[in-house]
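Trainee: Could you take me slowly through one part of this model, chosen by you, and then show me how it sits among the rest? I would like to follow the strands and helices step by step.

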Amino acid sequence: MLKVSAISKAFGTVRAVDDVSFHLSAGEVYGLLGPNGAGKTTTISMVCGLLRPDAGEIFIEGKLFSANAGEAKRLMGVAPQELALYEELTGRENLEFWGRIAGLKAAEARKRAGELLEALSLTDRAKDAVKTYSGGMKRRINLGCALLHRPKLVLLDEPTAGIDPQARARILEFITGLRASGASILYTTHYLEEAETLCQRIGIIDHGKLLAEGTLSQLQELLGEGLVFTVEADFGESLPAQWEGFAAHFRVLQKSENQLVVAAVGRRDPSECLKELLALPVPLRNVSLKRPSLNDVFLQLTGRQLRE
Amino acid sequence: MLEALLAKDLRRVRRNPLPWMMNLALPLVITAVMGLAFGGGGGNDNSLGRIKFAVVDEDQSPLADFLRGAANQGKAGQYLEPVFLERKAAEQQLKNDKLSAMLVIPAGFASNYLTGGKVQLELVKNPSEQIHPAVLEELLEVVVSGLNAISRNFNSEFPAWRELAESRGDYHQLSRLIEQTGNRIETARKYLFPPLVGYTNIAGPQSAAPASGGKAAPKFNLFAYMSVAMAGMFLLMLAGQGMADLHRELSRRTFERYHTLHERLLPFVAGKVLFTVVIVSMGAAIMLGGGQWLFGFRWPRPLELGLLTLAYVFFATGLMALSVAIVPDEHRANALNSVLSMILSMIGGCMLPPDQFPAFMREHLCPLMPTYWYATAGRELWWSEGSWLISAAKLAALGTLCVGLAAVLFKRRFEKGAR
């Protein structure tokens, strides 16, 4: 459905996107995961034709985007990160307007607006001006405006940014339904749970570079065959690098004054790892074993938390 | 699609009409205030009213008689109401606000003038009045310029004049001399300074004799005269306000959203242009149509004026679209639009009649201004068809060029990632 091949974009001296490649199959949900400023929005802007890449190519259904932009855009629906709505108009009017702009006839746009209002649980507020909506409701309408013309490829740029958990849950539920309808979705987020829940494949992006991609389990395997330990202790001045043999068996993912997150190096027996950790030269309070999360993967790849 | 874009914008205006209503009403209010300040009225020949002033003739020479007589004869009589008084009586009436000014022709005026000596006319203005004394002063400057020109160019005839002045008799000789001098003045007129107050230009076409069997030209009306020029300025400003909505579309990311659906930006820009044309046309209808109703005159060629105005509205909208495309920031664009509107209006003669500008400006700058094309063609329509069609075609072509350029610039801006 979508193939992105080595695209780059710079703004002055800042390389916002640097040689990024990925592909999205029909009916697949691909998550682009990265902290704020990683290059997610710039990537999505190039994919939807708002920005022209400095280098690289984008293909939609096998056709070069730059040569078939008009046709490619008809296949897409884009929900931008920032709300792109007319606040003076009602929710229904916004939906109908964007439906008309997407090429639907007036009657068809009206019908689709009704369906989407229902699906987005906004029917009872359909006649109210958008400026009277809550943040979550505006996000839902913003999302709905991208879907009037039933696009085959949906680009969702952080659709849950800045809203409360309840509103977020509603949007995720809606997107799950969208996924079930067979649309291909490119989904950017900095929420790990969303990427884990919604996406079949995930690309981790930071400083404009795609650091890794794959299914969740493929990404987890990047970390010591899936063994991650959290060690709680009073580390004081003591540094893992000073501990004898530690660096050969463990890789530090994160360290604070009282907590150390490490991944076992190579295929190891969990009990053996536990024994080695209990023998560390610091007074331990707790050692726990967990499945590595995307955050651990991200920490391993970038050295920082996703939400930093 | 244009229909959907227009409906959306009009719906938005309907939801928040106050700023637009203020913009639409403002030009009319200002025209009314200015018109009333200048004493405008419906259809009078002399809408400034006759200017009453005293002539104090201390010379009592035939030349002074000639000046006295000229003050209330012919066209001057339509505007001027001289009364001939002694100095004291004139001063008293001036104090009592019964006169706008007092003109003193000093003793020895004629003989000094005819012998090449220095002469001085004295004008005492009523300080409680603003406009009438100023008009008189300007007229007197014209008279003085004329006398200077005569003195420089007709020196050879002065002995005959002096002889006449001294003999104080023979009116046959006087009339012959007047005719002779008048003919020479007529040929030299173009070298004289033009009058600073445009009475002649305002009243000229009105007083022209109608063609035989043709319809008489309508009487001059100050509000109508001002309305076209004021419309030229305010429609430009209103267009700036309308096209500023593109900035809001940019800041709200709705323009960007449109671009995710369509590669060509021209329809969106054209939609905003259409919206602005509708709004500004409403403004024009209110200004020109409402002005007609409010100030009690009738446009002699409403269809031609309407089409000319529509072309101007299109130009104004295109120009403002270009301004929005060039300047990315709304506040800076608003400032630029205001300055642009003022400069175009000023040089185009929307604020002051172009006749009053310095010669270089009047002859070389004004004719380049689209505001001038509109104001001039619009004013000409009061008396004749003039060249409105050419002006309208030029305005429409320029508007189209501006809209096309704006669309190209917007596309470049998006491609560069600047918003």
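Mentor: Two strands pair if DSSP finds at least two bridges between them, and both strands (E, at least two residues) and helices (H or I, at least four) are DSSP runs that are numbered from the N terminus. This is a predicted model, in which local features need pLDDT of at least 70 and side-chain atom pairs count only at pLDDT 80 or more, while totals for chains, interfaces and linings use all residues. Residues are numbered from 1 along each chain as its sequence is written, and chains are lettered from A and ligands numbered from 1 in the order in which they are written.

Let us choose strand β8 of chain A, which covers residues 184-189. Six of its six residues are buried (20 or more other C-beta atoms, placed from the backbone, within 10 Å of a residue's own; 12 or fewer is exposed, and in between is partly exposed), so β8(A) is largely enclosed by the rest of the structure. Ser184(A), Leu186(A) and Thr188(A) point one way from this strand, whereas Ile185(A), Tyr187(A) and Thr189(A) point the other way, and both sets are buried.

The strand also has named partners. Strand β3 of chain A (residues 29-33) pairs with β8(A) in the parallel sense over five bridges, and within that pairing Leu32(A) has Thr188(A) as its bridge partner. Strand β7 of chain A (residues 153-157) is likewise parallel to β8(A) and joined to it by five bridges, with Leu155(A) standing opposite Leu186(A).

For an antiparallel arrangement in the same chain, turn to the open sheet of four strands whose order is β2-β1-β4-β5 in chain A. Strands β2(A) (14-24) and β5(A) (63-64) stand at its edges with a single partner strand each, so one side of each is left without a neighbour in the sheet. Strand β4(A) (residues 55-60) runs antiparallel to β5(A) and is joined to it by two bridges, and here Ile60(A) stands opposite Lys63(A) of β5(A).

A helix of chain A deserves a look as well, namely α4(A), residues 106-119. At 1.5 Å a residue (the expected span being 1.5 Å times one less than the number of residues), its 14 residues should span 20 Å, and the end C-alpha atoms are 20 Å apart, which agrees. Its buried residues are Ala109(A), Arg112(A), Ala113(A), Leu116(A) and Leu117(A). They cover an arc (of the directions from the helix axis to the C-beta atoms) of only 140 degrees around the axis, which puts them on the same side of α4(A). These buried residues pack against α3(A) (91-101) and α5(A) (135-144), while the face turned away from the buried side carries the exposed residues Ala107(A) and Glu118(A). After the helix comes Ser121(A), whose phi is positive, near 55 degrees.

One residue makes a useful contrast with the buried strand. Gln254(A) lies in strand β12(A), residues 250-255, and counts as partly exposed because it has 16 C-beta neighbours inside 10 Å. Leaving aside residues up to four places away in sequence, Gln254(A) touches Val261(A) and Leu299(A) (two residues are in contact if their C-beta atoms, placed from the backbone, lie within 7 Å). Gln254(A) and Thr230(A), 24 residues apart in sequence, have C-alpha atoms 9.3 Å apart in space.

Now step back to the whole chain and its partner. Chain A has eleven helices and 14 strands, and 45% of its 308 residues count as buried. Of the contacts in chain A with a separation of 6 or more, 69% are accounted for by residues 24 or more positions apart. The contact between the chains takes 22 residues from chain A and 21 residues from chain B. On the chain B side, the elements that give two or more residues are α1 (2-15), α13 (254-261) and α19 (388-416) of that chain, and α13(B) gives the most, with seven residues.

Finally, consider confidence. The model scores ipTM 0.82 and pTM 0.67. Chain B has a mean pLDDT (the predictor's confidence in each residue, from 0 to 100) of 77, and 79% of its residues reach 70 or more. Among the elements of chain B, α13(B) has the highest mean pLDDT, 90, and helix α10(B) (residues 199-207) the lowest, 38. Over residues 193-214 of chain B the pLDDT stays under 50, and the model has 29 contacts beyond four places in sequence for them.
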